[in-house]
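This report describes one protein model for a reader who is new to structural analysis. Please keep the sequence and the structure in view while reading.

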Amino acid sequence: MRHPVAGLLEFDCEVLGAPEHDQRLVIHVAPEGSVTARRLALLVSAGEAAGRMPEPWTPVPVSPSSE
């Protein structure tokens, strides 16, 4: 992926499937110690400094399931 500020970001990707529900969960992870991990850490720091991101431990409300 290319971020407008951080540049090229490379992730490991894993796909977990639930075929009985026709759903997939796609997980992108920056390898520890990689250039991408360092760039993401800088983006998080900049966002927190600007007051645009919640603290990592802040709960995020999730809407109830439609089931």
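Helices (H or I, at least four residues) and strands (E, at least two) are runs assigned by DSSP, and they are numbered from the N terminus. The model under discussion is predicted.

**Overall architecture**

The protein contains one helix and four strands. Read from the N terminus on, its elements follow the order β-β-β-β-α. The mean pLDDT of the protein is 79, and 73% of its residues reach 70 or more. Confidence is lowest in helix H1 (residues 35-49), where the mean is 84, and highest in strand S3, where it is 91.

Of the 67 residues of the protein, 9% count as buried. Its accessible surface comes to about 6000 Å², and carbon and sulfur atoms account for 58% of that surface. Among contacts between residues at least 6 apart in sequence, 26% join residues at least 24 apart.

**The hairpin of S3 and S4**

Strand S3 (residues 12-18) pairs with strand S4 (residues 23-29) in the antiparallel sense, over seven bridges. Within this pairing, Gly17 stands opposite Arg24 in S4, and Ala18 stands opposite Gln23 in S4. The hairpin has four residues between the strands, and Asp22 takes a positive phi near 55° there.

Which residues make the nonpolar surface patch? Leu16, Leu25, Ile27 and Val29 make it, and the patch covers about 320 Å². Strand S4 supplies the largest share of the patch, three residues. Val29, for instance, has its place in strand S4.

**Burial of individual residues**

Three residues can be set side by side by location and relative accessible area.

| Residue | Location | Relative accessible area | Class |
|---|---|---|---|
| Thr36 | helix H1 | 5% | buried |
| Leu9 | loop between S2 (7-8) and S3 | 6% | buried |
| Val29 | strand S4 | 44% | partly exposed |

Why does Leu9 count as buried? Its relative accessible area is 6%, and buried means under 20%, so Leu9 meets the cut-off. By the same cut-off, Thr36 is classed as buried because its relative accessible area is 5%. Val29 counts as partly exposed because its value of 44% lies between the limits of 20% and 50%.

**Contacts of Leu9 and Thr36**

Leu9 lies in the loop between strand S2 (7-8) and S3. Leaving aside neighbours within four places in sequence, Leu9 is in contact with Met1, His3, Thr36, Arg39 and Leu40. How far apart in space are Leu9 and Arg39? Their C-alpha atoms are 7.9 Å apart, although the two residues are 30 residues apart in sequence.

Thr36, found in helix H1, touches Leu8, Leu9, Glu10, Phe11 and Ala30, not counting residues up to four places away in sequence. The contact between Leu9 and Thr36 therefore joins two buried residues, at 6% for Leu9 and 5% for Thr36. One of these residues belongs to the loop between S2 and S3, and the other to helix H1.

Methods. Residues numbered from 1 in each chain as written. Predicted model: local features only at pLDDT ≥ 70, side-chain atom pairs only at ≥ 80, totals over all residues. Heavy atoms only, no water. Pairing = 2+ DSSP bridges. pLDDT = per-residue confidence, 0-100. Buried < 20%, exposed > 50% of the residue type's maximum accessible area, 1.4 Å probe, protein only. Contact = heavy atoms within 4.5 Å. Areas by Shrake-Rupley, 256 points an atom, 1.4 Å probe, with all protein chains shown as cover. Patch = residues over 30% accessible without salt bridge, like charges linked within 9 Å, V, L, I, M, F, W, Y side chains within 5 Å. Salt bridge = Lys/Arg side-chain N within 4 Å of Asp/Glu carboxyl O.
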